[in-house]
Amino acid sequence: MSDIYDRVKQMAKYLISTKSTVRKTAKMFGISKSTVHYDLTKRLPKANYFLYLKVKKILEINFAEKSFRGGEATKNKYKNQKTKMVTI
């Protein structure tokens with residue numbers, strides 16, 4: 001059981017130090033986004049509440065920026081498609 005909480009603390013420290021997203025953290029640790037989110041929101045408060053408060057702030061920032069990142073990705077996608085069509 002302590003292995004899970006060790007992993008949770010490692011993920012929290014990684015997220016805090018890199019200000020990463022849940023998706024990038026999941027990729028780094030080789031687990032699903034759902035597991036990362038569950039670990040950081042449900043297990044972390046029990047393991048280390050101080051770390052949880054720091055992680056919570058980063059997750060809130062990421063959530064607020066999510067729509068901007070998605071919009072930027074879509075914009076770049078269509079911009080690249082338009083460039084490919086012109087060069088063909």
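**Four helices and their contacts: a group meeting presentation**

Good morning. Let me begin with a single residue: Ile4 is partly exposed, since its relative accessible area is 32%. Ile4 belongs to helix 1. Its C-alpha atom lies 9.8 Å from that of Ala47, although the two residues are 43 places apart along the chain. Please keep in mind throughout that the structure we are looking at is a predicted model.

Allow me to step back to the whole chain. How many helices and strands does the protein chain contain? There are four helices and zero strands. Following the sequence from start to end, the pattern reads α-α-α-α. The protein chain has 88 residues, and 24% of them count as buried. If we take the contacts with a separation of 6 or more, 55% are between residues 24 or more positions apart.

I turn next to the interior. In soluble globular proteins, nonpolar side chains tend to be buried together. In this model, the largest nonpolar core consists of 15 residues. The members that touch the most other members are Ala12, Leu15, Val36, Leu40, Leu44, Val55 and Leu59. Which elements give two or more residues to this core? They are helix 1, spanning 2–18, helix 2, spanning 22–29, helix 3, spanning 33–47, and helix 4, spanning 49–87.

Leu40 is a good residue to select on your screen. Apart from its neighbours within four places in sequence, Leu40 has contacts with Val8, Met11, Ala12 and Leu15, and also with Pro45, Tyr52, Val55 and Leu59.

We now come to the packing of the helices. Two packed helices are described by the angle between their axes and the distance between the axes. For helix 1 and helix 3, the angle is about 105° and the axes are 9 Å apart. Helix 1 is therefore roughly perpendicular to helix 3. On the helix 1 side, the contact is made by Ile4, Tyr5, Arg7, Val8, Lys9, Met11, Ala12 and Leu15. On the helix 3 side, the residues are Thr35, Val36, Asp39, Leu40, Arg43, Leu44, Lys46 and Ala47. Ile4, with which I opened, thus appears here together with Ala47. By type, the residues of this contact comprise ten nonpolar, one polar and five charged.

One residue of this contact deserves a closer look, namely Asp39, which is placed in helix 3. Is Asp39 buried or exposed? Asp39 counts as buried, because its relative accessibility is 0%. Setting aside residues up to four places away in sequence, Asp39 touches Arg7, Val8, Met11 and Leu44.

Let us compare this with helix 2 and helix 3. Their axes come within 8 Å and cross at roughly 105°, so helix 2 and helix 3 are roughly perpendicular to each other. Helix 2 contributes Val22, Arg23, Thr25 and Ala26 to the contact, while helix 3 contributes Lys33, Val36 and His37. The residues in this contact are three nonpolar, two polar and two charged. Val36 takes part in the contact with helix 2, and Val36 also takes part in the contact of helix 1 with helix 3.

The next topic is the aromatic rings, where the count comes to two aromatic pairs. Why is the pair of Tyr14 and Phe29 called edge-to-face? The planes of the two rings stand at 80°, with the centres 5.8 Å apart, so the pair is edge-to-face. This pair links distant parts of the chain, for Tyr14 is in helix 1 and Phe29 is in helix 2, 15 residues apart. Tyr14 counts as partly exposed, at 22% relative accessibility. Phe29 likewise counts as partly exposed, at 26%.

The other pair, formed by Tyr49 and Tyr52, is tilted, with 5.6 Å from centre to centre and 40° between the planes. These two residues are three apart in helix 4, which means that about one helical turn separates them. Tyr52 counts as buried, at 16% relative accessibility. Tyr52 is also one of the residues in contact with Leu40.

My last residue is Lys54, which is found in helix 4. Because its relative accessibility is 39%, Lys54 counts as partly exposed. How many residues apart in sequence are Lys54 and Ile16? They are 38 residues apart in sequence, and their C-alpha atoms are 7.0 Å apart in space.

Thank you for your attention.

Methods: Residues are numbered from 1 along each chain as its sequence is written. This is a predicted model: local features need pLDDT of at least 70, side-chain atom pairs count only at pLDDT 80 or more; totals for chains, interfaces and linings use all residues. Side-chain values use heavy atoms; hydrogens and water are left out. A nonpolar core is a set of buried Ala, Val, Leu, Ile, Met, Phe, Trp, Tyr and Cys residues joined through side-chain atoms within 4.5 Å. Buried means under 20% relative accessible area, exposed over 50%, partly exposed in between (1.4 Å probe, protein chains only). Contact means heavy atoms within 4.5 Å. Axes are lines fitted to C-alpha atoms, for helices over the stretch in contact, and angles run from 0 to 180 degrees between N-to-C directions. Angles under 35 degrees count as roughly parallel, over 145 as roughly antiparallel, 65 to 115 as roughly perpendicular and the rest as oblique. Ala, Val, Leu, Ile, Met, Phe, Trp, Tyr, Cys and Pro count as nonpolar, Asp, Glu, Lys and Arg as charged, and the others, Gly among them, as polar. Rings of Phe, Tyr and Trp (its six-membered ring) pair if their centres lie within 6.5 Å; planes under 30 degrees apart count as stacked, over 60 as edge-to-face and the rest as tilted.
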